[in-house]
Amino acid sequence: MTAKRQSLGDAKAAKDDEFYTQLSDIEKELRHYRKHFKGKVVYLNCDDPRESEFFHYFSYNFEKLGLKKLIAACYKSKDMDLFSTGDSERAIYLEYEGDKDGDKIPGRDEIEVQHFDGDGDFRSPESITLLEQADIVVTNPPFSLFREYIAQLIEHNKKFLVIGNMNAVTYKEIWPHIQHDRIWLGVTRAGTGQMWFRIKDDFPVKSGQRTDENGQRYQTIGSSAWFTNLDHSKRHEDLTLFKAYNAADYPMYDNYDAIEVSKAVDIPLDWDGVMGVPITFLGKYNPDQFDIVGIAKAPLGKPSKVYPQQTQVSAKGVRSKVTKLNDGPALKVETPPIGKTYYEVDGATYIQMYARILIRRKEVTS
Ligand SMILES: C[S@@+](CC[C@H](N)C(=O)[O-])C[C@H]1O[C@@H](n2cnc3c(N)ncnc32)[C@H](O)[C@@H]1O
């Protein structure tokens, strides 16, 4: 990639990162974690206080949560309208240690504004020094840096509650933490209603946007979810199972030793082997009820079979030679599906499923 294209790509990614979480979404999630925050230092490391409702939430709920300290870092602050110190263009961080004058409002004179020497990047040594003071990190970080962001929290052994995209669970840097129960999804997650984020006037026009009566634009990200390592009661609720296994509804994959369960609610109550479920299952995952044994998606999956080059027949009937059938779980079918892509290998027909999480029930039926 040329330098120019790279920087255009970076600029686009940076623009795409500029969406802001609504206070109502923060409140909906945070009410499930009250007990974790007592006496704790909370760090919001991607939060411009002029824009971030996370700062609003934690400063106004400081006493209710019993926090020890709140720190918010503002990456490359452009101007300082809110606190008007006169210094523009400098990254800052704020420290708040609770209401001192008894009005229960985080006043300007109670919030200490400090300058970063650098740009306040969450990876910068200055921001890491603040991270080291913190017990819990909460934010919606830039999605384009999600892998690095999570890696840093894990490296520094921090508790966290952050917004990300559900699809990140299949990243090779994230998946091992999900599989081994070091990270899980929060409570208000994909499948339980979409989150809408505030966007700026110059945010690129895309699908899934709306504008409210005041002209404020919003973007929805259907697959957004909270990622955390703080326990919450929802992840200890059993998923009620009511379907019985039968071979027709739960076919066995051809390249993984597991049956296909296309919806988590249809997990059969009497199948003791491995099952492939969509990623949205994680929204219903209770580690006391199921074990996650793997993932069926290249390159993380461990298929029992690798296909030679295949013929792909597209939905429009276009035939091409590919090796894509190895990317995920495959089902052998009697007749080619109509209007869907399928694959042919040695005269047999296969269809491919999306990435599947491989799980097994903990309690074995007799
Ligand atoms: C998705 S927005 C969310 C903002 C805010 N946390 C919220 O939820 O409303 C991500 C924010 O991270 C900031 N950001 C981007 N790169 C950053 C970096 N390297 N270090 C710290 N913050 C960064 C962006 O300017 C942006 O404000």
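**Figure 1. Proline 299 and its cis peptide bond.** In this predicted model, proline 299 sits in the loop that runs between strand E15 (290–296) and strand E16 (310–313). Look at the link to the residue before it: alanine 298 and proline 299 are joined by a cis peptide bond, with omega at about 0°. As a reminder, most peptide bonds are trans.

**Figure 2. The sheet that E16 belongs to.** Following the chain into E16 brings us to an open sheet of 5 strands, ordered E17-E16-E19-E20-E18 and paired antiparallel. Strand E17 (319–322) and strand E18 (330–333) are the edge strands, each pairing on one side only. Direction ignored, neighbouring strands of this sheet are turned by 35° against each other on average. Inside the sheet, E16 pairs with strand E19 (residues 342–345) in the antiparallel sense, over 3 bridges. To find that pairing on screen, pick glutamine 312: tyrosine 343 in E19 is its bridge partner.

**Figure 3. The sheet that E15 belongs to.** On the other side of the proline 299 loop is E15, which is part of an open sheet of 4 strands in the order E13-E14-E21-E15. The pairing here is mixed. Strand E13 (259–260) and E15 are the edges, and each of them pairs on one side only. Strand E14 (residues 275–277) runs antiparallel to strand E21 (residues 356–361), and the two share 3 bridges. Valine 277 makes a handy landmark, standing opposite isoleucine 357 in E21.

**Figure 4. The residues around the ligand.** How many residues surround the ligand, and which come nearest? There are 20 around it, and Tyr20, Thr21, Cys46, Tyr75 and Asn140 come nearest. Two elements, strand E1 (19–20) and helix H4 (53–60), each give at least two residues to this shell. If you're thinking about setting up the site, the make-up of the shell is 9 nonpolar, 4 polar and 7 charged residues.

**Figure 5. Helix H4 and what it packs against.** H4 supplies at least two residues of the ligand shell, and it also has a buried set: Phe54, Phe55, Tyr57, Phe58 and Ser59. The general rule for an α-helix is 3.6 residues a turn, so residues three or four places apart point the same way. What do the buried residues of H4 pack against? Among the helices, they meet helix H2 (23–30) and helix H5 (62–65). On the strand side, they pack against strand E2 (41–44), strand E3 (69–74), strand E4 (92–96) and strand E6 (136–139).

**Figure 6. Strand E12, covered on both faces.** Strand E12 (residues 224–228) is largely enclosed by the rest of the structure, because 5 of its 5 residues are buried. Ser224, Trp226 and Thr228 are on one side, Ala225 and Phe227 are on the other, and both faces are covered. E12 pairs antiparallel with E7 over 5 bridges, and antiparallel with E8 over 2 bridges. Phenylalanine 227 is the residue to click on here: valine 162 stands opposite it, and it is also the bridge partner of leucine 185.

**Figure 7. Two residues with positive phi.** Most residues other than glycine have a negative phi. Asparagine 157 isn't a glycine, yet its phi is positive, at about 55°. Its place is the loop between helix H7 (146–155) and strand E7 (159–165). Is asparagine 157 buried or exposed? It counts as exposed, because it has 8 C-beta neighbours inside 10 Å. Aspartate 181 is another residue other than glycine with a positive phi, near 55°, and it's found in the loop between helix H8 (175–179) and strand E8 (184–185). With 13 other C-beta atoms within 10 Å, aspartate 181 is partly exposed.

**Figure 8. Where the two domains touch.** The chain is divided into domain 1 (3–233) and domain 2 (237–366). Taken over C-alpha atoms, their centres are 35 Å apart. The contact involves 14 residues of domain 1 and 11 residues of domain 2. On the domain 1 side, H8 and E8 each supply at least two residues, and H8 gives the largest share, 3 residues. That side of domain 1 divides into 7 nonpolar, 4 polar and 3 charged residues.

Technical notes. Residues are numbered from 1 along each chain as its sequence is written. This is a predicted model: local features need pLDDT of at least 70, side-chain atom pairs count only at pLDDT 80 or more; totals for chains, interfaces and linings use all residues. A residue is buried if 20 or more other C-beta atoms lie within 10 Å of its own, exposed if 12 or fewer, and partly exposed in between; C-beta atoms are placed from the backbone. Two strands pair if DSSP finds at least two bridges between them. Axes are lines fitted to C-alpha atoms, for helices over the stretch in contact, and angles run from 0 to 180 degrees between N-to-C directions. A residue is near a molecule or strand if its C-beta atom, placed from the backbone, lies within 6 Å of it. Ala, Val, Leu, Ile, Met, Phe, Trp, Tyr, Cys and Pro count as nonpolar, Asp, Glu, Lys and Arg as charged, and the others, Gly among them, as polar. Two residues are in contact if their C-beta atoms, placed from the backbone, lie within 7 Å. Domain bounds come from an automatic or database domain assignment.
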